[in-house]
Amino acid sequence: MGVVAGLLLGAGLLLVWLSCWEPVVRTTRRGRRSAVVQDLLVQAGASSVSPRALWAFSAAAGVVVLLAALAVTRSPAIAACFATMAAVAPELLVRTRARRRRRDLREVWPEVVDHLASGVRAGLSLPEAVAQLGERGPAELREPFALFAADYRATGRFSECLDLLKERLADPVADRIVEALRLTREVGGTDLGRLLRTLSMFLREDARTRGELEARQSWTVSGARLAAAGPWVVLAFLATRPETAQAYDTAAGVAVLGTGAAVSLVAYRAMVRIGRLPEEGRVLR
């Protein structure tokens, strides 16, 4: 009995001592690149994939292509070039898919704003108007808004639920809509309907302008991509001949491959900057 009393006394003193100190909250800060890649994965519709998983898959793809190219060409220089391309390809694919999905959703966001304006005019509160998009909104966006409704029913904290909604959507247009709703909720006022109508008109005009410019630039961008990829396709065919593959294992061959890779990279970056419209930035609090 004395042992049990001693243990209880020691446990009580330990709890009293711990209550005098603030708990240390360990926060994991993602790097800027990791955060950008995570947003791209969400925009591409692969929110369940983490940046580390993407990078691990990229490394595995590079190793597989390296071994396969070595087995076919017997040239380490050529194999290293194609392995590098294979390692970079998954992230480029994610970026392309995210850009395409943002372009598709650009036509949907005005409809989202119209639904919000209709809900407010019908007398719904702002959280209820946002939550109803999980049932009546565009099919592409119902899931994140349904999760917002579940979060709000569980917590009742509108601002925190908006933050979670922004993370699930990871879209610049969605950020602007969310921040407009947050500002209206915190400041108040009777101009929400007018604000939503103005925002809907702006989004439609922006989508129409961007669509026209992208249609005009599509042929230029496609031609530049084909021109940048053409030499490497020719190299892949030439590398199947042993005498050609051996020529690239020399110092001159490595210099040619390095120069070609540098020129292709510079041309691709220039094509991206010239041929692609500037993307809207995320709105962070």
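At 45% relative accessibility, Arg208 counts as partly exposed. In this predicted model, Arg208 forms a salt bridge with Glu205, and the closest N and O atoms of the two are 2.3 Å apart. Glu205 is likewise classed as partly exposed, with a relative accessibility of 41%. Both residues belong to helix H11, which covers residues 192-238, and they are three residues apart, about one turn of the helix.

The bridge between Arg208 and Glu205 lies within one helix, and a search of the whole structure finds nine salt bridges. Another of them joins two helices. The side chains of Asp151 and Arg168 meet at 2.8 Å, N to O. Asp151 lies in helix H8 (residues 142-155) and Arg168 in helix H9 (residues 158-169), so this pair ties together parts that are 17 residues apart in sequence. With 18% relative accessibility, Asp151 counts as buried because the limit for that class is under 20%. Arg168, at 29%, counts as partly exposed.

Helix H9 also takes part in a further connection. The side chains of Lys166 and Glu179 form a salt bridge of 2.9 Å, N to O. Lys166 lies in helix H9 and Glu179 in helix H10 (residues 172-187), so the pair ties together parts that are 13 residues apart in sequence. Both Lys166 and Glu179 are buried. These two residues also belong to a network of salt bridges that links Asp163, Lys166, Glu179 and Arg182.

The loop between H9 and H10 holds Ala170. The phi of Ala170 is near 50°, a positive value in a residue other than glycine. As a general rule, most residues other than glycine have a negative phi. Ala170 is buried, with a relative accessibility of 0%. A positive phi also appears at Arg74, where the angle is about 60° although the residue is not a glycine. Arg74 lies in the loop between helix H3 (51-73) and H4. Its relative accessible area is 66%, and Arg74 is therefore exposed, since that class begins over 50%.

Charge also gathers on the surface. Which residues make up the patch of positive charge? They are Arg97, Arg100, Arg103 and Arg225. Helix H4 (residues 76-105) provides the largest share of this positive patch, with three residues. Arg103 is found in helix H4, and this residue is partly exposed at 34% relative accessibility.

A patch of negative charge is formed on the surface by Asp104, Glu107, Glu111 and Glu140. One of its members, Glu111, is found in helix H5, which covers residues 109-121. Glu111 has a relative accessible area of 37% and is partly exposed.

The last stop is a residue in helix H2. Ser34 has its place in this helix, which covers residues 32-43. Is Ser34 buried or exposed? At 17% relative accessibility, Ser34 counts as buried. When its neighbours within four places in sequence are left aside, Ser34 is in contact with Pro51 and Trp55.

Conventions:
Residues are numbered from 1 along each chain as its sequence is written. This is a predicted model: local features need pLDDT of at least 70, side-chain atom pairs count only at pLDDT 80 or more; totals for chains, interfaces and linings use all residues. Side-chain values use heavy atoms; hydrogens and water are left out. A salt bridge is a side-chain nitrogen of Lys or Arg within 4 Å of a carboxyl oxygen of Asp or Glu. Helices (H or I, at least four residues) and strands (E, at least two) are DSSP runs, numbered from the N terminus. Buried means under 20% relative accessible area, exposed over 50%, partly exposed in between (1.4 Å probe, protein chains only). Patches are made of residues with over 30% relative accessible area and no salt bridge: like charges are joined within 9 Å, nonpolar side chains (Val, Leu, Ile, Met, Phe, Trp, Tyr) within 5 Å. Accessible areas come from the Shrake-Rupley method with a 1.4 Å probe; for residues, only the protein chains shown count as cover. Lys and Arg count as positive and Asp and Glu as negative; His and the chain ends are not counted. The place of a charge is taken as NZ of Lys, CZ of Arg, CG of Asp or CD of Glu. Contact means heavy atoms within 4.5 Å.
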